[in-house]
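New to this one? Have a look at the chain and its fold below, and then use the notes that follow as a guided walk through it.

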Amino acid sequence: MQASNSSLDANARQGIATQIDSIRKSLIGVANTQYAGRPIFAGTAGGNVAYDATGNYVGVSSTIERNIAPGQRIQVNVNGDTVFGSPGSDIFTTLSQISQAVVSDPTQLNALQTTLGTQTTQVQNSLAQVGSQFLRVQNTQSQNTSNGLTMKQNLSSIEDADIAQVMVQLQAQQVAYQAALEATAKAIQPSLTDFLK
């Protein structure tokens, strides 16, 4: 918007273009963010970056899904060309075009501003999608934790012993065993003759 002002001189326009180039470079750095040593926007590519220094997509756009519950799969990646736009019509190309238009032809800025607005909305929509998927995973994790606790409680109520009841039963069986031993000992008393044999 500021660059559309016709009263700006060449130095001011160049300064604005430099700022836009800096924003573009910073955004390429964001697009190359890594997690666990892999770029998060590169799809299934094996390299260290999703975008090269000039803003070209070098990733492999494909879906990576994981099971989060029986019969439930969720996409765990976001491809760079989905977030930042397809090659040639991505946000990096638009920022380059804006930078060039600021210096050479400010009349193009209105159309480029509309394009940039659309691409910014695309990035925000991708962010919202990631947020909803994260919430889904969190809800499933919470449900699984709750189910696990319920199963432990149910298993505990079935398998755990009542210590007091077990001790009473053990004492009763021990008394019965002792009584059986004494009765057997009295019934079969060896005589002195049996002992001497």
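Thr 184 is part of helix H5, which covers residues 163–187. Keep in mind as you read that this is a predicted model. With 45% relative accessibility, Thr 184 counts as partly exposed. Its C-alpha lies 31 Å from that of Ile 163, and 21 residues of sequence separate the two.

**Far apart along the chain**

- Gly 15 is a residue of helix H1, and a relative accessible area of 31% makes Gly 15 partly exposed.
- Between the C-alpha atoms of Gly 15 and Ala 183 there are 110 Å, for a pair that is 168 residues apart along the chain.

**H1 against H3**

- Helix H1 takes in residues 10–31, and its axis packs 8 Å from the axis of H3 at an angle of about 170°.
- Angles over 145 degrees count as roughly antiparallel, so H1 and H3 are roughly antiparallel to each other.
- From H1, the contact draws on Arg 13, Gln 14, Ile 16, Ala 17, Ile 20, Asp 21, Arg 24, Leu 27, Ile 28 and Ala 31.
- H3 answers with Ile 91, Phe 92, Leu 95, Ser 96, Ile 98, Ser 99, Val 102 and Val 103.
- Sorted by class, the residues where H1 meets H3 are 12 nonpolar, 3 polar and 3 charged.

**A close look at Ala 17**

- Buried or exposed: which is Ala 17? Ala 17, which sits in helix H1, has just 1% relative accessibility and counts as buried.
- Setting aside neighbours within four places in sequence, Ala 17 is in contact with Ser 99, Val 102 and Val 103.
- Take Val 103 from that list: its C-alpha is 6.7 Å from the one in Ala 17, although 86 residues of sequence lie between the two positions.

**H3 against H4**

- H3 also has helix H4 for company: the axes of H3 (residues 91–104) and H4 (residues 109–159) come within 10 Å and cross at roughly 155°.
- That crossing angle makes H3 roughly antiparallel to H4, and the crossing is left-handed.
- On the H3 side, the contact is made by Ile 91, Thr 94, Leu 95, Gln 97, Ile 98, Ala 101 and Val 102.
- On the H4 side, the residues in the contact are Leu 109, Leu 112, Thr 115, Leu 116 and Gln 119.
- Count them by class and you get 8 nonpolar and 4 polar residues, with no charged ones, in the contact of H3 with H4.

**The salt bridge**

- How many salt bridges does a search of the whole structure find? The search turns up 1.
- The partners are Glu 65 and Arg 73, and their closest N and O atoms are 3.2 Å apart.
- Glu 65 is partly exposed at 35% relative accessible area, and Arg 73 is partly exposed too, at 45%.

**An unusual backbone angle at Ala 36**

- Ala 36 has a phi near 55°, a positive value in a residue other than glycine.
- Where is Ala 36? You'll find Ala 36 in the loop between strand S1 (34–35) and strand S2 (38–39).
- With a relative accessible area of 72%, Ala 36 is exposed.

Terms used. Residues are numbered from 1 along each chain as its sequence is written. This is a predicted model: local features need pLDDT of at least 70, side-chain atom pairs count only at pLDDT 80 or more; totals for chains, interfaces and linings use all residues. Side-chain values use heavy atoms; hydrogens and water are left out. Axes are lines fitted to C-alpha atoms, for helices over the stretch in contact, and angles run from 0 to 180 degrees between N-to-C directions. Helices (H or I, at least four residues) and strands (E, at least two) are DSSP runs, numbered from the N terminus. Angles under 35 degrees count as roughly parallel, over 145 as roughly antiparallel, 65 to 115 as roughly perpendicular and the rest as oblique. A crossing is left-handed if the near helix is turned anticlockwise from the far one by less than a right angle, and right-handed if clockwise. Contact means heavy atoms within 4.5 Å. Ala, Val, Leu, Ile, Met, Phe, Trp, Tyr, Cys and Pro count as nonpolar, Asp, Glu, Lys and Arg as charged, and the others, Gly among them, as polar. A salt bridge is a side-chain nitrogen of Lys or Arg within 4 Å of a carboxyl oxygen of Asp or Glu. Buried means under 20% relative accessible area, exposed over 50%, partly exposed in between (1.4 Å probe, protein chains only).
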